[in-house]
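Hello,

Here is the structure I promised to pass on. Please open it next to the sequence, then read the notes below.

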Amino acid sequence: RIFLPDRDDALHIHIARAKVVYMLNTRLSVSAYVQYTNTTDNLVSNVRLRYNAREGNDFYLVFNDFRSASTVEMIPAPPDYFNRTILLKYTHTFRL
């Protein structure tokens, strides 16, 4: 929370965050991150599924979502989401 009483217009910014990590076993885990900001009324989320086949090799499936959380009727209406990404990522560690 930020409050600046010295300004002509007081600024109140509230940010709510949540992060959850669940490890099914040593090879498979899921992590989720969600953030809400009241000034822009935006909701950002990130969900990542990680599979570790063996030490040094990781495969990730990542879902990112950035959307407006406003329920107020706006003209023009905001899009359902501003940005949405699905990403596949593979990391391999080379041994020398």
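This predicted model holds 1 aromatic pair. The partners are Phe66 and Phe82. Their rings lie 5.2 Å apart, centre to centre, with 50° between the planes. That makes the pair tilted, because only planes under 30 degrees apart count as stacked and only those over 60 as edge-to-face.

Where do the two residues of the pair sit? Phe66 is in strand β6, which covers residues 57–68. Phe82 is in the loop between β6 and β7 (83–92). The pair therefore ties together parts that are 16 residues apart in sequence. Phe66 is partly exposed, at 29% relative accessible area. Phe82 also counts as partly exposed, at 40%.

One more ring is worth a look. The charged end of Lys89 sits over the ring of Tyr60. The distance to the ring centre is 5.5 Å.

Now the sheet. It is open, and it has 5 strands. Their order is β3-β4-β5-β6-β7, and the pairing is antiparallel. Which strands stand at the edges? They are β3 (15–23) and β7. Each has a single partner strand, so one side of each is left without a neighbour in the sheet. On average, neighbouring strands of this sheet are turned by 10° against each other, direction ignored.

Start with the edge strand β3. Its partner β4 spans residues 28–37. The two form a hairpin, with 4 residues between them. They pair in the antiparallel sense over 9 bridges. In one of these, Ile15 has Thr37 of β4 as its bridge partner. In another, Val21 is matched with Ser31 of β4. As a reminder, strands of a sheet pair through backbone hydrogen bonds.

How many of the 9 residues of β3 are buried? The count is 0, and the strand is hardly covered.

Ser31, in strand β4, is buried or exposed? Ser31 is buried: its relative accessible area is 11%, and the cut-off for buried is under 20%. Neighbours within four places in sequence aside, Ser31 is in contact with Val20, Val21, Asn46, Val47 and Arg48. Val21 thus appears twice for Ser31, as a bridge partner and as a contact.

When you have the model on screen, begin with Phe66 and Phe82. Then go to Lys89 over Tyr60. Finish with Ser31 and its contacts.

Best wishes

Conventions
Residues numbered from 1 in each chain as written. Predicted model: local features only at pLDDT ≥ 70, side-chain atom pairs only at ≥ 80, totals over all residues. Heavy atoms only, no water. Phe/Tyr/Trp six-rings, centres within 6.5 Å; stacked < 30°, edge-to-face > 60°. Buried < 20%, exposed > 50% of the residue type's maximum accessible area, 1.4 Å probe, protein only. Lys NZ or Arg CZ within 6 Å of the ring centre and 35° of its normal. Pairing = 2+ DSSP bridges. Axes fitted to C-alpha atoms, helices over the stretch in contact; angles between N-to-C directions. Contact = heavy atoms within 4.5 Å.
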